[in-house]
Amino acid sequence: MVKNAAINPKSMQDVLGDLVQVSRNIGEDSKYVLWGGGNSSVKIEEIDFRGQAAAVLRIKGTGADMKTLTVNDFPGVRLDDIGALRERETMDDDEMASYLAHCMLDPQGPRPSIETLLHGFLPYGTVIHSHADAILALANVEDPEKVIVSALGDRIVVVPYIRPGFTMAKSAAQAVDAMPGAEAMVLLHHGLVTWGRTPMEAYESHIDIVRRAEEFFENHPYPEVGRRARWSPGVRDQLVQRMAPLIRGHLGAKDPVVLRFADDEQLLAFTERDDLEDMARLGVVTPDHLLYTKNVPLVIPAQPDMADSNLDEMVRERIEQYRERYGRYFERYNSGQFVMRSPDPVLVIIPGVGVWSAGPSPSLSRVPLEMYQHAVSILENVEKIGRYQSLSESETFEAEYWPLELSKLSIRPHARELQGKVAMVTGAAAGIGAAIAKRLVKAGAAVVIADRNGERLRDAVKVLAAEGGNDQVSAVVMDVSDESQVMQAFETTVRTYGGLDILVSNAGTAPTGRLTEISLAEWEASLRVNVTGHFLVARQALRLMSRQRTGGNVVFIVSKNALVPGPEFGAYSVAKAAELQLGRIAAIEHGADGIRVNMINPDAIWTDLWSPQLRADRAKAYNIREEDLEDFYRRRSLLRRVVTEEDVAEGVLFFVSERSSRTTGAVLPVDAGIREGFPR
Ligand code: ZN
């Protein structure tokens, strides 16, 4: 048996299993940690590669998310090696990282948390660390020691802020040594550490301390705060619709960003405060948020009665000021070794309306927004008991430009081709539209799928979410021939992702019949969907893209029939010819805006959308047997190949990506080669 009083008594697998369980409990509740924050560890005895017993610290790997942890997320570090460090006076981060690499039980395992030494130095079997909201409210107030005693009692170790690393771990351990019987530790401006002999003990202590802090705040009333009168939902929504594309356009001029928006009651009331601009300058609640949110949000005081051009100018000017301020802050503290991060704001507040966050993808842009929601409740809790005090500016810089923390960003997945782009695909619940949506999701775009069939849409969302994640796909029920539904769908898109870069106008119907047999109603229905429908969605998309002023792409899914009409397909072919012309007009009118408009002419795509009636009708029109139809289409093509929905989707990707950046007004046949269908 290894001699170490802190070693957990149970077997390794059991202890680690318990730790995973309690860590997940913490991770699942956003009031404790957000997005990869927090960590936990146990000290156990293991058999090493030589077959000998060793005391080991199993600690969460860096960047792993508490709510989805498994036993594999806990690399093992030899405790003897860590203990030896307590004698040291100083150790810089690089040295610490390479030292830790030597202590690992499995050299190939995940990198241990940057707070490994803090855990290793504490003489307890289990250690749990979080950034709980209620604790952060105590840790960011003037004179925190006094407040913490009255909230949590006098058995709490309070450690002044030091950036995590060797020095912080050592001073925390010394502070704990100096207070025998201490219950827990509050790291100022940072978070909470609790411990116990077992994971359950450390967890219960964690819950208990946080609950005490919450009760403390519940017993203090919110102070009176002056607020502007609330605008009606209609006024607020109008500003959302007008401002989001402007913000997105200015922030995403170089690299496109996806915006997320929130105006829940607490956030909205916060934006209505008379002292909002002051509150928004207060600085982060824990350094963990810095990389995601930046230290402060940008406030843009837009008013509903301002003209569009004034709003645009205000957005441009405020963003420019923010960038300049950030640049000056960087220059003040950069010793020459760092490259400036993007100077853009991540969070944008419109007083009386709500908060946007910007990021390279829908899920990454949700992170800062969620962090800010928690920050607001912390700021307002602090107000009940004293004055808010965050990190100093130099501490902020030191935390933001900390190589160990910045490396967290480098483990993010590589940018994909359509990263940051927002796309809408109509008729996307099945067939060609669904295949296109899937391809765009795979290429990294945030995709709004639209269809008039709500039920099929729900199923399609599930399939696509499995491909790209819940954040990357959103659905709107829309009949493209209904103007108000189209307007509504675009408003939802603006609210969901902030704007639009790509429209794939695909929805259509395929009525058959000889001219002499078609009723007026059938004729008009075809034109309504297959011409007017394309016009309505394209019009909204072009308006929105023009507002953003970052270019855009529209792709019309037309048909070979636009150039080569088939018999008994009049109501369809006439409409398709008009759609083709619509695309050409749009290309002409919007070339100067950098908006490209291109058309795809698929032919004989075999999809699940072909109704038995359509199959029967087409077979009859060509005077062949129904079961020979697929072969008929294949044989009549130059390439003698069947064409699939995926082939059309690849064509769409070509048109909406930079691969075709010099092409507009073009028609691409995806038909395995039909000589009559060559565009001219
Ligand atoms: Zn932390």
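**Domain arrangement and the interface of domains 2 and 3**

The C-alpha centres of domain 2 and domain 3 are separated by 34 Å. The structure is a predicted model, in which local features require pLDDT of at least 70 and side-chain atom pairs count only at pLDDT 80 or more, whereas totals for chains, interfaces and linings use all residues. Residues are numbered from 1 along each chain as its sequence is written, and side-chain values rest on heavy atoms, with hydrogens and water left out.

The protein is divided into domain 1 (12-218), domain 2 (233-401) and domain 3 (422-600 + 645-662), with bounds taken from an automatic or database domain assignment. Between domain 2 and domain 3, 22 residues of the former are in contact with 19 residues of the latter, contact meaning heavy atoms within 4.5 Å. About 1700 Å² is buried between these two domains, and carbon and sulfur atoms give 46% of this area; buried area is the accessible area (1.4 Å probe) that two parts lose on being put together, summed over both. Gln241, Pro245 and Arg248 supply 33% of the area that domain 2 buries against domain 3, more than any other three residues.

Domain 2 and domain 3 are linked by 7 salt bridges, each defined as a side-chain nitrogen of Lys or Arg within 4 Å of a carboxyl oxygen of Asp or Glu. A salt bridge joins the side chains of Arg260 and Asp471, with an N to O distance of 3.5 Å. On the side of domain 2 that touches domain 3, at least two residues each come from helix 9 (233-251), strand 8, helix 13 (308-333) and helix 14 (362-385). Helices (H or I, at least four residues) and strands (E, at least two) are DSSP runs, numbered from the N terminus. Helix 9 gives the most to this side, with 10 residues. By residue class, the side comprises 9 nonpolar, 5 polar and 8 charged residues; Ala, Val, Leu, Ile, Met, Phe, Trp, Tyr, Cys and Pro count as nonpolar, Asp, Glu, Lys and Arg as charged, and the others, Gly among them, as polar.

Strand 8 also belongs to an open sheet of 4 strands with mixed pairing, in the order 8-11-10-9. Its edge strands, strand 8 (258-262) and strand 9 (298-299), each pair on one side only, where pairing requires at least two DSSP bridges between two strands. Strand 8 runs antiparallel to strand 11 (residues 354-359) and is joined to that strand by 5 bridges. Leu259 stands opposite Ala358 of strand 11.
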